[in-house]
Amino acid sequence: TSFGFRDVADGEKQPLVNDVFHKVAKRYDMMNDLMSAGLHRAWKDGMVSALNPPPNPDYRVLDVAGGTGDIAFRIVKASRGLAQATVLDINGSMLAVGEERAAKKGISDNLTFVEANAEDLPFDDKSFDAYTIAFGIRNVPHIDKALSEAYRVLKRGGRLLVLEFSEVEAPILDKVYEAWSFHAIPLVGKAVAGDGEPYRYLVESIRKFPSQTDFAAMIERAGFSRVKFTNYSGGIAALHSGWKL
Ligand code: SAM
């Protein structure tokens with residue numbers, strides 16, 4: 001790559017990612033605000049308003065790589081406290097913070113926390129009305145596996161929404177963003193978690209993630225219909241949507 005880092009082999013990726021999130025779990029929410037300058041909140045709000053979860057106690061959402069619960073909490077709120085959300089993450093430390101936050105918000109009854117891998121979901125076929133994943137899919141070593149698992153666990157008529165860092169459209173914004181992510185993100189990581197190196201891998205994973213159109217094609221290959229995307233903040237992030245019809 002242009003940064004001169006060695007490529008990380010497939011089998012080494014998940015342990016690196018797990019190490020980062022174990023270290024930062026307790027400070028993850030603060031770091032998110034620092035690293036995205038607060039923008040992640042607006043992007044997540046956008047994702048949940050696109051989903052528009054109905055006020056229906058039978059509506060079941062699976063939020064994969066759900067971490068400390070940001071997406072699931074918004075979904076419960078948007079459904080007027082009625083939807084059931086399952087927060088799934090490979091990292092127990094992140095889930096523990098999420099469970100604590102849910103209890104403080106008084107919404108534990110709407111939530112289930114499951115420690116598992118996005119590549120191998122512990123659910124029956126056709127179990128969920130919606131599958132969401134925010135800033136998680138680029139951390140999964142085999143994205144195609146995660147997408148086919150998403151397809152499998154969704155009911156017919158179910159919705160897939162993926163929020164992820166993406167390809168910035170404007171060349172100038174691109175340069176600013178590149179400088180920001182290359183310098184600021186590892187720096188914040190170092191200040192907060194005592195080690196900047198793991199964050200370089202995360203920044204690399206953003207650079208390596210497919211463009212909006214390439215990722216849309218991957219979603220189609222997994223079987224989804226009516227696939228489209230919306231850019232946020234000039235493409236710093238993008239929301240992809242698809243349906244299991
Ligand atoms: N969705 C949350 C949010 O937007 O705030 C958390 C995003 S955080 C950047 C990425 C999350 O992906 C971490 O909690 C990490 O443990 C999780 N993750 C990484 N690899 C995973 C995998 N293979 N399966 C499930 N979760 C995974």
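In this predicted model, Asn 117 lies in the loop that runs between β3 (111–115) and β4 (128–134), and Ala 118 has its place in the loop between β3 and β4 as well. Both residues appear in the UniProt record, where an unreviewed entry lists Thr 68, Asp 89, Asn 117 and Ala 118 under "binding site".

The two loop residues can be set side by side by their surroundings.

| Residue | C-beta neighbours within 10 Å | Class |
|---|---|---|
| Asn 117 | 19 | partly exposed |
| Ala 118 | 25 | buried |

A residue is classed as buried when 20 or more other C-beta atoms lie within 10 Å of its own. Asn 117 therefore counts as partly exposed, because it has 19 such neighbours, whereas Ala 118 is buried because 25 other C-beta atoms lie within 10 Å.

When neighbours within four places in sequence are left aside, Ala 118 is in contact with Val 64, Ala 65, Gly 136, Val 140, Ala 146 and Glu 149. Ala 118 and Ala 65 are also, together with Gly 67, Asn 91 and Ala 134, the residues that come nearest to the ligand out of the 22 around it.

As for the shell around the ligand more broadly, α1 (10–24) and α4 (70–78) each contribute at least two residues to it, and α1 gives the most, with three residues. Sorted by class, this shell holds eleven nonpolar, eight polar and three charged residues.

Terms used. Residues numbered from 1 in each chain as written. Predicted model: local features only at pLDDT ≥ 70, side-chain atom pairs only at ≥ 80, totals over all residues. UniProt positions renumbered as here; feature names shortened; annotations may be inferred. Helix = DSSP H or I, 4+ residues; strand = E, 2+ residues; numbered from the N terminus. Buried ≥ 20, exposed ≤ 12 C-beta atoms within 10 Å, placed from the backbone. Contact = placed C-beta atoms within 7 Å. Near = placed C-beta within 6 Å. Nonpolar A, V, L, I, M, F, W, Y, C, P; charged D, E, K, R; others polar.
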